[in-house]
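Reader: I'm new to looking at protein models and could use a hand. Could you take one spot and walk me through it slowly, then show me around a bit?

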Amino acid sequence: MQKQFVKYCLWLLALLYVCPSHAAKIVLSGKNETYAGETLVLRRYTERILNGSESVAAAKVDKDGAFKFEFDLTEECQLFLPGDAQRGYIYAEPGKKYEIEIPNKRERSLSEKLQPYFEPNEYLIAIKDPNKNGTNMLILSFEDAFDFYTMKSLASSGDMDTVQYSIKELNRIFPDMTTKFLKGYKDYRCLLLKAQFSDPVQMGTVYSEFSKLGVDKTNPAFWDLFNNVFYNLIANTAGSEDFYVFKKIVDTGNAKMLLMHIQERYRISDTELKELAAIKLVGDLSTTELFDNKAVVKMLNNLSGAVSMAENKELALNVAATVGSTLVGEGAPNLIGHDLNGKKHELTEFLGKYIYLNICNSRLMKTEKDLRILDRFQETFEGQLQVVNIFVYDDKEHVEKISRGLSGKMQIWLAPESDLLRKVYNARAVPSYYLVDNEGKFVLLRKAEPNDELRYLLLNIFDNK
C-alpha cells in the first residue's frame, strides 16, 4: 500500500512538471487615430525560416483610434502588429497590462513595392509609463549595450580578446536577466556577438555552444542567432572538400546521412536544432546555381520523413513547396484577376493553350514596349498561345492608357492581391515573365523576356505540334 502511495505521488509530481503553466490574461491597449475603423491583428512567429506566424488576438479600432487586446497567455513571447511598412514588437508576459504607442499607419511607396527585395521598416512599440524592471525595458537596455559592444568589437577589427571582454561585460552589467526567457535572450545574443567575429576554426565552438543552449522558438534572439549562423553555410564552402560531401549527400537525397553529417561537422547534438539547421541549409540552396533545384526539393521532402518532430516535418514540406513552386516542369499555381470591365478571370480558363504570363506595372517604362511585342506574339500564335498581362499595384486609368491601340486579343488584368500574387509566383522583380505549357506546367520562369529568342522558341514549339 505504501509503495502504491509513493508511486502515485511520483506520478502526480511528474504530471505537474510536464503540464504547462495556467494561462493568465494579458491586456494590451493603445490609441492611434490613423487606424480608426480598422481591425488590428496581434501575431507571434512560429518559425523564422519562412517567417511563419499565427494570430494571437484581434482588436477593432474605434472612431477615436482606441484599441484593446485581451487574451490568455501561458509564457513570455514576442508579439508584433503586422503593417504594410512597419511592424511593432512587444515582449509580453502573462498576467501583465501594457499601454502602448504604435507608429502612424503608412503604406509603401510604389517604388518600394516594386523593389525585388524590399523589406518593411521595423519600429519598436513604445510603452507608456514603462516599468524599469519590466521585460521590455530590460531588453531595450540590453540591446543598447549589445550594439555598443558590437561597435567596440568592430573598431578592434573583431579581435577575439575584445569580443570575449564584451561578452563578459554584458553578463556583468545584466545579472538580473534570470528568467528563462531573459536568460535565453542574453545567452543567444552573447553567442551571436561571438559568431559575428569568429573565423572558420572558432565557429566550431560556436556550433557546440549553440547546441548546448538548444532551441527556443518563442525567443527572437534565438532566430537572430540561428539565421546568422546557418545562412548560406553550404554555398559559402564552395570549392572545399566539405562542399563536395554536402553536394553528394544532397544530390543523392540521403536525408539521414545529411542529419548525421551536420551533427558531426558542426558538433550539434541538440536534435531540434539539428533538424532546423538541416531544413534551412538545404532550403537556402534553392537560391544558388551550384545545386539542381529538383534535388533540393527532393531532399527537403526526404527530410520531412527523416526528422523526428511533427512541426519540423511540416516545416520541411512547406519549405519544399516554397522553393519548388516555380520549377520548370511543375504545375503553375492558379491566379485570379479582373479585366478592365471588372469581370473576374482565372488562369485555368486557358488550359489547353500555352500561356505567357507578364506580371507588370503601367508606370514602368519597359512595360509599354513589352505590351507591343506581346501583342504581336498574340496575333502570330493565336489559337496556340494566350498572353495574360496582370498589373500589380496599379489602377484602371493607368492601365487603360498604356494599353490603348493594342489588338484587344491579349488578356489585361488587374491583380486583386498584388503581394500575394508575387509571393505565390516568386515574382521578386517587376516585371516578371513566365511561359506555361498547354498542361499548365512551367516551361520558362521569370527570365522569359519577350524578345527574338522567345519568338524563335515559340516558333519551334508550335511548328512541332
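Is the crossing of H6 and H7 left-handed or right-handed?

Author: It's left-handed. Keep in mind that this is a predicted model. To find the spot, look for helix H6 at residues 203-213 and helix H7 at residues 220-229. Two packed helices are described by the angle between their axes and the distance between the axes. Here the axes come within 12 Å and cross at roughly 145°.

Now zoom in on the side chains. H6 brings Met 203, Val 206, Tyr 207 and Phe 210 to the meeting, and on the H7 side they find Phe 222, Leu 225, Phe 226 and Val 229. Sort that contact by class and you get 8 nonpolar residues, with no polar and no charged ones.

For another helix, hop along to H11, residues 293-306. Its 14 residues reach 20 Å from the first C-alpha to the last, close to the 20 Å expected at 1.5 Å a residue. Its buried residues are Ala 295, Val 296, Val 297, Met 299, Leu 300, Leu 303 and Ser 304. Those residues pack against four helices, namely H8 (241-252), H9 (255-266), H10 (271-284) and H12 (310-323).

Strands next. An open sheet is made of 4 strands in the order E4-E1-E7-E9, and the pairing is mixed. E4 (66-73) and E9 (126-127) are the edge strands, each with a single partner, so one side of each has no neighbour in the sheet. E4's partnership is with E1 (residues 24-31): the two run antiparallel and are joined by 8 bridges. In one of those, Leu 28 is partnered by Phe 69 of E4.

Follow E4 along and you'll see the side chains take turns. Phe 67, Phe 69, Phe 71 and Leu 73 point to one face and are buried, while Ala 66, Lys 68, Glu 70 and Asp 72 point to the other and are not.

Over at the E9 edge, E7 (residues 97-101) and E9 run antiparallel with 2 bridges between them, and Glu 101 stands opposite Ala 126. Finish with Ile 100, which also sits in E7. Ile 100 counts as buried because its relative accessibility is 1%, and the cut-off for buried is under 20%. Leaving aside residues up to four places away in sequence, Ile 100 touches several others, among them Leu 28, Phe 67, Ile 90 and Ala 126. Ile 90 is 10 residues away along the chain, and the two C-alpha atoms are separated by 9.1 Å.

Key
Residues are numbered from 1 along each chain as its sequence is written. This is a predicted model: local features need pLDDT of at least 70, side-chain atom pairs count only at pLDDT 80 or more; totals for chains, interfaces and linings use all residues. Side-chain values use heavy atoms; hydrogens and water are left out. Axes are lines fitted to C-alpha atoms, for helices over the stretch in contact, and angles run from 0 to 180 degrees between N-to-C directions. A crossing is left-handed if the near helix is turned anticlockwise from the far one by less than a right angle, and right-handed if clockwise. Contact means heavy atoms within 4.5 Å. Ala, Val, Leu, Ile, Met, Phe, Trp, Tyr, Cys and Pro count as nonpolar, Asp, Glu, Lys and Arg as charged, and the others, Gly among them, as polar. The expected span of a helix is 1.5 Å times one less than its number of residues. Buried means under 20% relative accessible area, exposed over 50%, partly exposed in between (1.4 Å probe, protein chains only). Two strands pair if DSSP finds at least two bridges between them.
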